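Please open the model in your viewer and keep the selection tool at hand. The tour below goes from one enclosed space to another, with something to select at each stop.

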Amino acid sequence: MTNAAKLAATLGDRSMTTSVYHDGERAVQRSAGEVGIADRNGVVIADTILGGARPFIGKQSMVVLASVDADGAPWSTVLFGQPGFAHADSAAQVTVDLPAALRDPEEPFWRNVAANPAVGSLFIELGSRRRYRINGALARLDDGGFDLDVREAYPNCPKYIQRRQLRRIDGEAAPALLGKGHALDEDARAIVRRADTVFVASNHQERGADASHRGGSSGFIQVVNDTLLRIPDYSGNSLFNTFGNLAVDPRVGLCIPDFDGQRLLQLSGRARILHGQDDPHGLTGGTGRFWEVAIERWLLRCAPQRLDWEYLDASPFNPAVED
């Protein structure tokens with residue numbers, strides 16, 4: 001037995017076991033022919049927060065969260081606060097300070113974490129295209145905020161992020177539920193068609209919730225009908241954390257910010273991954289992968305604070321969109 005083989009046997013071949021990737025992630029990596037790339041890129045995944053990421057977290061004014069409701073459906077949301085409202089005082093835990101008085105009671109996150117401690121988080125700075133992903137379990141929830149114990153943490157690449165600068169968070173706005181339903185109404189459809197940024201929540205029964213980002217040029221999400229969306233999947237880091245979760249549990253949550261309208265559209269439904277699709281217009285950037293989301297529920301809410309966004313530019317990596 002070679003030294004490499006002995007080492008793999010001793011470690012249980014960590015690059016090929018569920019200590020790094022679960023079976024769903026492996027299945028999608030194999031379907032895409034990217035197992036080798038995933039093994040190389042998987043070394044970034046750690047069980048603590050990198051030292052350089054801790055000050056980055058403390059600078060942020062927004063955090064994307066994935067949570068799971070009492071029925072097992074993931075929901076995606078975004079919380080906002082003044083820089084410092086989120087902080088990592090140790091490498092093993094993240095704290096988000098958000099007083100109960102400032103929370104929107106229509107926000108699913110607060111109900112969900114009371115029923116299920118699994119939380120995924122994504123600290124994303126749109127203006128610099130930097131992002132850091134932390135998944136774990138809720139350790140504290142009270143009127144002051146919550147603590148998240150880290151299970152895994154790692155940086156993500158900057159591709160497909162449209163740069164926006166959050167110039168000002170101007171106090172608080174009166175929370176308002178603007179709409180909800182099962183089939184998208186005209187207003188919700190318009191938000192989806194304009195979207196260039198979407199945040200995704202998925203879940204794995206053993207690994208927990210995960211929060212991720214998808215972006216593209218405005219119009220990259222196709223509204224097939226009032227209950228079905230079709231989204232191209234571009235090339236990325238080959239880890240396939242989101243798709244791996246969806247391969248095991250197709251339930252998914254989306255949060256689409258309406259930056260100009262100061263609104264958040266949240267969708268819950270079921271996803272279907274489509275490999276090897278014809279793509280004559282290059283909508284997938286060459287991957288031939290799409291995914292479809294069958295919508296089961298949606299909410300449209302006012303952003304809980306008045307947010308002053310400045311659009312800077314689109315990602316240079318965005319593939320074309322269909323006219």
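What follows is a walk through the cavities of this structure, which is a predicted model.

Begin with the whole structure on display: a search of it finds four cavities of 30 Å³ or more. The largest cavity holds about 390 Å³ of space, and to find it you can select His 213, Arg 214, Tyr 234, Gly 236 and Asn 237, which are the closest to its centre among the 23 residues that line it.

Next, colour the elements around the largest cavity: β6 (130-142), β11 (208-215), β13 (228-233) and α7 (241-248) each supply at least two residues of its lining. Which of these elements gives the most to that lining? Select β11, which contributes four residues. If you then colour the lining of the largest cavity by class, you should find seven nonpolar, ten polar and six charged residues.

Now move to the second largest cavity, where about 100 Å³ of space lies. Select Phe 80, Pro 257, Phe 259, Leu 307 and Trp 309, which lie nearest the centre of this second largest cavity, out of the 13 residues that line it. To see the elements around them, add β2 (74-80), β14 (251-258), β15 (263-274) and β17 (306-313), each of which supplies at least two residues of the lining of the second largest cavity.

Finally, keep the colouring by class for this last stop: how many residues of each class are in the lining of the second largest cavity? That lining divides into ten nonpolar residues, one polar residue and two charged residues.

Methods
Residues are numbered from 1 along each chain as its sequence is written. This is a predicted model: local features need pLDDT of at least 70, side-chain atom pairs count only at pLDDT 80 or more; totals for chains, interfaces and linings use all residues. Side-chain values use heavy atoms; hydrogens and water are left out. On a 1 Å grid over the protein atoms alone, a cavity is a set of points where a 1.4 Å probe fits but cannot get out, and a pocket is an open set with protein on both sides within 12 Å along at least five of seven lines; lining residues have an atom within 4 Å of a point. Grid points are joined across faces, edges and corners, and a volume is the space filled by probe spheres set on the points. Ala, Val, Leu, Ile, Met, Phe, Trp, Tyr, Cys and Pro count as nonpolar, Asp, Glu, Lys and Arg as charged, and the others, Gly among them, as polar.
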